[in-house]
Amino acid sequence: MTIPRRSWRGAGALVAAAVVGLTGGVISAGPAAAHTPTWVVTCSDVSVDLTNYTSGVANTVTVTVDDKELLPTETFGREFHKKLTLPAHDKEVTVRLIVKDGGEGGTYSRDLTETAPVCEDETPKPTPSETKPAKPPVTSTPEPSSTPSEKPSESAPAVPAPSPSSPDLAETGSSSATPVIGGAAVAVLLAGGGILWAVRKRRTPQN
C-alpha cells in the first residue's frame, strides 16, 4: 500500500503550522511574564524588581505605606531595582506598589498591595525596673538653745507640801534655855577661880 505524495505534503503543512503556533505562543507569553513586577514585602523592608520594560519611554513606579509615600514617583527605563526600609510600626501596615508602563496602551501597568506584619523586635518589651534600696530619711539634730528659758516649764512637777502628820524635825536653832545655861557656866567659872585664888593665898604665908 502506498501513500500519495499529496497526503504527505498535507501532513507536513499541518505539523509546520502547529510548530509555528506553539513558538509564537511561547514568544508572546515570554515578555508578558517578564513584565510581571517582582516585589517582596517583609516586616521591615520592601524589595522591588522590574525588568524588560520598554526603554526610551516614561515608565514610573511609586510605593506607599498606609497612603503615605515611601518611594515618591520615580521614572525608570528598561529595569528598576530598589530595596526600601519600612518605618517602625506597632501594627500591620498596607504597602501599595503602583507601576505605570509608558509604552503604547500601558499593557504592563500594575497596582498591587501587600500587608507588612509587625516585627517581633519592634514590639516594646517591659523591662523590670531596677529597685534601689531606699535611703533612710535624714533627721536634723536640734541645736541647744543659747539662752535658757526664763519661765519654768509648766510641766515641771510641783514640790509636795509636808504632811501635817509627819514627825517634827529636830530644832537646830537656839532655844529659850540658852541664857540660863550660859549664866550657870559663868558662875561655875567664877567659883572655880575664887577657890584657886584662896588656895594659893593660904600656901604663901606657910612658905
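Two strands count as paired if DSSP finds at least two bridges between them, and in this predicted model that criterion is the starting point for reading strand β3 (residues 59–65) and strand β6 (residues 93–100), which pair in the antiparallel sense over six bridges. Within this pairing, T62 stands opposite I98 in β6, a position from which the reader can trace the register of the two strands in the structure above.

The pair belongs to a wider arrangement, an open sheet of four strands in the order β4-β3-β6-β7 with antiparallel pairing. Because β4 (68–76) and β7 each have a single partner strand, they stand at the edges, and one side of each is left without a neighbour in the sheet. From one strand to the next, the twist in this sheet averages 10 degrees.

A second open sheet, of three strands, has the order β1-β2-β5, and its pairing is likewise antiparallel. Here β1 and β5 are the edge strands, each of them pairing on one side only, and the twist averages 5 degrees from one strand to the next. The strands β2 and β5 run antiparallel and are joined by six bridges, and D45 stands opposite T85 in β5.

Taken over the whole protein chain, the secondary structure comes to two helices and seven strands, and the elements follow one another from the N terminus as α-β-β-β-β-β-β-β-α. Among contacts between residues at least 6 apart in sequence, 55% join residues that are at least 24 apart. Of the 207 residues of the chain, 15% count as buried, while the accessible surface comes to about 17,200 Å², with 59% of that area belonging to carbon and sulfur atoms.

Which residues have the most contacts inside the largest nonpolar core? That core has 20 residues, and those with the most contacts inside it are V48, L50, V61 and V95. The elements that give two or more residues to the core are β1, β2, β3, β4, β5 (80–85) and β6, and β6 gives the most, with four residues.

V61 can be followed in more detail: leaving aside residues up to four places away in sequence, V61 touches L50, L71, P72, T73, E74, F76, F80, L97, I98 and V99. Another residue to inspect is T60, whose place is in strand β3. Is T60 buried or exposed? With a relative accessible area of 15%, T60 is buried, because the cut-off for that class is under 20%. When residues up to four places away in sequence are again not counted, T60 touches T73, E74, T75, F76, I98, V99 and K100.

The remaining feature is a covalent link, since the count of disulfides comes to one. C43 and C119 form this disulfide, with their sulfur atoms 1.9 Å apart, and the link is right-handed, with 100 degrees about the S-S bond. The pair links distant parts of the chain, 76 residues apart, with C43 in the loop between β1 (38–41) and β2 (45–50) and C119 in the loop between β7 (110–116) and α2 (178–206). The two cysteines fall into separate accessibility classes: C43 is partly exposed, with a relative accessible area of 22%, whereas C119, at 6% relative accessibility, counts as buried.

Methods
Residues are numbered from 1 along each chain as its sequence is written. This is a predicted model: local features need pLDDT of at least 70, side-chain atom pairs count only at pLDDT 80 or more; totals for chains, interfaces and linings use all residues. Side-chain values use heavy atoms; hydrogens and water are left out. A disulfide is a pair of cysteine sulfur atoms within 2.5 Å. Buried means under 20% relative accessible area, exposed over 50%, partly exposed in between (1.4 Å probe, protein chains only). Axes are lines fitted to C-alpha atoms, for helices over the stretch in contact, and angles run from 0 to 180 degrees between N-to-C directions. Contact means heavy atoms within 4.5 Å. Accessible areas come from the Shrake-Rupley method with a 1.4 Å probe; for residues, only the protein chains shown count as cover. A nonpolar core is a set of buried Ala, Val, Leu, Ile, Met, Phe, Trp, Tyr and Cys residues joined through side-chain atoms within 4.5 Å.
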